[in-house]
Amino acid sequence: MALTWLILIPLVGAILAWLAGRFGDHLPRWVALGAVAGQLGLGLGLWWSDPTPYPIDGHGAWLLEHLVTWLPSLGVRYHLALDGISLLMVLLTGLIGAVAVGVAWKDVDKLPGAFFACLLATLAGVTGVFLAIDLFLFYVFWEVMLIPMYFLIGIWGHDRRIYAAVKFFIYTQVGSLLMLVAMLVLYFVHGRSTGSYTFDLPALLGTRLDPGLGMLLMLGFFAAFAIKLPVLGLHNWLPDAHAEAPTAGSILLAGLLLKTGAYGLIRFTVPLFPDAAATFAPWAMALAAFGILYGAKLAFAQTDIKRLVAYTSVSHMGFVLLGVFAWTSLSLQGAVIQMICHALSTGAMFALAGMLMHRLHTRDLDAMGGFWAQAPRMGAMALIFTMASLGLPGLGNFVAEFLILFGSFDANRVMTILATVGVVLATVYSLRWFQRTFHGPVPEGARLKDLGGRELGVLLALAAVLIWLGLYPRPILETSQPVVDAARASQSEPIRLAASDLKRPGKLDLGVRP
Amino acid sequence: MSLVSLQAAAPLLVMVATALALLVLAMVRRQPLVAMLLSVGGTAAAFATLVHQGTSGAGSLLPLFALDGFGLFITGLILLATCAVSLMAHGYLTDTGAHHEEFHLLLVLAAVGASAMALANHLLAFFLGLELLSVSLYALIAYLPGRPKGLEAGVKYLVLAAGSSAFLVFGLGLIYFRLGSLSLPRLAALLGSAGYDPILQAGLGLSVVGFGFKLAVVPFHFWSPDVYEGAPAPVSAFVATASKGAAAAVLVRFFVQLGLVAEPWWALVFAVIAAASMLAGNLLALLQTNLKRLLAYSSIAHLGYVLVAALAGGPRSAQAVAFYLAAYFATILGAFGIIAAWSRAGREPDQLRDLRGLGRERPWSSAALTLMLLSLAGIPLTGGFMAKYLVVSAGVGSTLWGLLFVLLASSAIGLYAYLRVVVTLYMRQRTMDPAEPVAAGRFGLAAGLALLALVGALLWLGVYPRAALAWIQSATESLF
């Protein structure tokens with residue numbers, strides 16, 4: 001039942017925030033803060049209670065499960081379950097939600113009730129995506145999280161908001177429809193071979209598929225998640241959506257919605273179709289490596305700060321794709337940490353971009369420069385997140401990228417080496433961004449007010465978590481380790497690793513299992 | 001006629017009695033509220049007798065009607081739709097200078113016609129129902145004296161419906177000429193042994209033209225946008241739901257009972273019609289600046305989806321068709337109902353520019369319209385999603401890959417058309433153009449109740465359709 005509460009708290013909060021909007025402009029944000037705090041608190045409570053992992057239908061290392069029949073005639077059940085990775089993602093949802101509420105605190109000039117309602121409804125949908133293990137239920141949450149996000153971009157966004165919102169919706173919807181068909185084919189194939197028609201993930205795992213069909217179905221699922229992630233070639237919606245969304249919307253997009261794509265790959269695509277995924281892995285890893293380089297190059301070329309940060313997301317999420325399709329213990333651990341760290345650092349970057357934009361009324365890098373002298377606190381915070389983004393040791397992103405590259409090296413050397421070049425390019429675009437903003441001459445007449453207490457508090461919280469993850473990622477690794485082990489153990493080595501020594505505990509495990 | 005068959009005929013008899021009562025009322029004393037209550041009450045009573053009979057069906061009535069589960073299910077939908085249209089029309093007709101009583105009378109007669117089509121077990125009964133429906137609709141479409149477009153739409157519908165009826169009659173004549181019967185069970189037996197016969201095939205082909213017109217599928221769809229735009233919004237709702245639903249029911253009987261799609265040639269013809277309807281409907285919906293025309297094209301596309309389900313064959317397909325019609329009825333009735341409820345003295349805010357910024361001025365009804373549009377687009381938690389899911393599921397089960405591909409591509413296109421309306425409602429500012437937009441009025445009580453019920457039905461079908469699925473399963477069993 002705790003799992004349903006994780007979804008219900010933001011959902012009820014959304015309704016209350018909308019109603020609260022009728023009684024004053026300040027009330028909705030307090031309701032929103034209460035809801036995200038409640039969700040985060042419940043998530044932390046689950047984490048600290050340290051439940052013992054157990055398998056469901058012989059699969060996985062699950063911590064909690066909630067099962068209610070829904071539409072038995074269709075084989076659809078309301079089946080939520082929590083394992084280490086979902087738990088981390090739920091915690092991330094609470095944290096990013098709190099950051100988004102904090103950032104939007106005073107920025108919403110029209111209809112604050114509806115704004116916070118949309119924000120909380122998005123969080124509820126995202127939480128559902130991270131918890132559902134019935135494919136039908138997952139699809140419902142997957143679609144439902146889009147609608148409030150669409151309104152967030154379309155109503156409270158910047159100049160080209162309508163274009164960006166519609167593009168975002170249609171891109172995602174096309175991917176979803178492909179996934180729906182793939183889901184249904186899997187449902188029928190499994191139903192006809194076993195006689196039980198079900199959408200339940202544990203039951204569907206290990207369904208025997210013809211290789212050609214398996215590849216098509218895998219691509220159907222991959223398409224939906226690759227659009228969200230985004231993968232090179234399907235990323236076209238992302239710069240528009242991120243740039244045109246309001247600041248809190250950009251934070252939710254980069255921090256959570258992109259992560260649902262990565263989560264879907266780890267939870268569904270590879271486990272359901274291990275053989276097809278293994279065949280496809282070199283291609284996926286190539287897409288990842290080129291995505292990393294391409295995103296970095298385009299980030300370097302941007303003069304609009306929000307588009308710049310958006311392209312860095314393309315680059316950083318490439319690492320996640322690389323790590324997932326390498327499917328080694330280390331690379332998967334790295335991918336999970338990268339999901340968290342990218343959410344935190346990019347969320348902070350969007351928050352900073354929003355603060356700059358709010359003060360300067362422009363997103364143009366050319367109108368910025370030399371702000372360190374005027375706003376040293378903002379400069380210092382920006383420096384921390386720039387360093388995180390370029391992968392400085394001591395911050396979480398370094399741990400993530402290191403684990404991914406280390407874990408992927410034996411799976412595909414060429415692509416891993418190419419991806420490593422991306423780390424260098426990240427340094428180039430990050431430093432350029434920082435220099436153009438905080439160093440050099442101040443443009444004529446530009447004044448920048450330094451950070452206020454609320455803004456500083458939000459950014460400091462993010463920085464603290466990044467530093468913690470950079471110095472002591474062990475709690476995170478320990479939480480996700482059982483899931484990674486179970487996922488890899490239940491597969492027949494989907495991506496055949498020559499280097500079996502990577503699995504040897506204690507040696508290369510970075511002390512995960514003391 | 002025995003007592004049993006009298007009881008079986010109860011839904012139709014109650015409707016006819018309601019029509020007569022309305023006629024008397026119009027002669028004795030004009031009283032809009034009483035007319036509406038009479039029409040709603042009569043329809044509800046007919047629905048109650050129908051529920052009393054249950055989905056199992058009560059056998060047949062003469063050789064003309066088969067009161068089986070499927071027919072009764074569709075009749076139930078038609079009756080509920082009539083009830084909703086009556087409620088919407090009450091507020092809509094106020095201040096238009098038109099009489100209320102005759103509107104409700106014609107509506108009830110049209111509902112009798114549509115129900116007769118849905119229950120027809122004999123092509124003669126089907127044709128009688130069709131004509132009763134069409135004749136009532138001619139008058140209803142041109143009902144408001146102050147709407148020149150309404151008159152144009154009425155004449156257009158008259159000419160084309162009469163033309164299509166001619167095709168149908170000729171087709172039925174040819175079938176009768178070859179097989180000597182118009183009773184569906186007889187035809188099913190005779191068609192199986194008839195073999196290939198050009199005259200018989202021509203007869204079937206001509207009847208298909210007649211159906212195609214009523215269903216407004218491509219290439220027989222040209223009348224529908226003009227008629228939907230010109231007709232009063234409650235009538236558009238009725239044309240789009242009850243009339244199409246009844247035709248779809250007959251089509252399912254043709255497919256299942258006459259085994260029409262078992263012949264590859266006919267399956268191909270209907271597959272092409274389905275694909276063309278889905279593509280044309282969604283593509284042309286993109287170009288519309290009038291919400292009623294947009295809904296007309298959307299409804300063309302949706303009948304294409306229904307055809308995909310019908311083509312899949314087997315019990316799963318009949319269930320998908322029945323569920324799709326239920327969700328489609330609730331959605332389309334709701335969408336047209338909101339336009340009707342916003343209308344004042346016959347002036348309808350149906351241009352997209354009339355809708356600008358309404359999300360703030362009319363938050364509840366705009367939210368309801370958004371829900372309807374999301375249901376048309378097939379977004380989860382709405383009835384439209386469950387319906388589309390069942391169609392895709394039937395298609396995957398029968399491996400109709402080509403049609404599924406068209407369905408997916410065209411629904412992605414259609415999504416853009418629906419989002420445009422949502423954008424207009426919430427993201428555009430209200431402007432004072434030279435052509436002043438039609439202001440949206442407040443809801444009356446009757447329309448409000450109808451819309452509340454429709455929103456409830458839509459969410460019920462989308463979130464927890466367990467009971468609905470069970471009913472539909474038992475209702476469609478009678479077909480096989």
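**Reading a pocket, a buried threonine and some backbone details**

Q: Which helix of chain B supplies the largest share of the lining of the second largest pocket?
A: Helix 4 of chain B does, with 9 residues of that lining. Keep in mind, as we go on, that this is a predicted model.

Q: Which other helices of chain B supply at least two residues each?
A: Besides helix 4 (69-93), they are helix 3 (32-53), helix 14 (315-342), helix 19 (445-463) and helix 20 (466-477).

Q: How much space lies in this pocket, and which residues are closest to its centre?
A: The second largest pocket holds about 710 Å³ of space. It is lined by 28 residues, and those closest to the centre are Phe47(B), Gly76(B), Leu77(B), Leu80(B) and Trp471(B).

Q: How do I read the chemical character of the lining, by nonpolar, polar and charged residues?
A: Sort the lining residues into those three classes; here 25 are nonpolar, 3 are polar and none is charged. Glycine goes with the polar class in this scheme.

Q: Turning to chain A, is Thr260(A) buried or exposed?
A: The idea is to compare relative accessible area with a cut-off: under 20% is buried. Thr260(A) is buried because its relative accessibility is 0%. This residue sits in helix 11 (residues 247-272) of chain A.

Q: Which residues does Thr260(A) touch, leaving out those up to four places away in sequence?
A: Its partners are Val126(A), Val129(A), Phe130(A), Trp142(A), Met145(A), Phe225(A) and Lys228(A).

Q: Where are the cis peptide bonds before Pro230(A) and Pro219(B)?
A: Look at omega for each bond. From Leu229(A) to Pro230(A) the bond is cis, with omega near -5 degrees; Pro230(A) belongs to the loop between helix 9 (211-228) and helix 10 (237-244) of chain A. In chain B, the bond from Val218(B) to Pro219(B) is cis, with omega near 5 degrees. Pro219(B) is in the loop between helix 9 (198-215) and helix 10 (223-230) of that chain.

Q: What is phi of Asp50(A), and where is this residue found?
A: Phi is near 50 degrees, a positive value in a residue other than glycine. Asp50(A) lies in the loop joining helix 2 (27-49) and strand 1 (54-56) of chain A. With 60% relative accessibility, Asp50(A) is exposed, since the cut-off for that class is over 50%.

Q: And what about phi and accessibility of Ala345(B)?
A: Ala345(B), also not a glycine, has a positive phi near 50 degrees. Its loop runs between helix 14 and helix 15 (358-361) of chain B. At a relative accessible area of 43%, Ala345(B) is partly exposed.

Methods: Residues are numbered from 1 along each chain as its sequence is written. Chains are lettered from A and ligands numbered from 1 in the order in which they are written. This is a predicted model: local features need pLDDT of at least 70, side-chain atom pairs count only at pLDDT 80 or more; totals for chains, interfaces and linings use all residues. Side-chain values use heavy atoms; hydrogens and water are left out. On a 1 Å grid over the protein atoms alone, a cavity is a set of points where a 1.4 Å probe fits but cannot get out, and a pocket is an open set with protein on both sides within 12 Å along at least five of seven lines; lining residues have an atom within 4 Å of a point. Grid points are joined across faces, edges and corners, and a volume is the space filled by probe spheres set on the points. Helices (H or I, at least four residues) and strands (E, at least two) are DSSP runs, numbered from the N terminus. Buried means under 20% relative accessible area, exposed over 50%, partly exposed in between (1.4 Å probe, protein chains only). Contact means heavy atoms within 4.5 Å.
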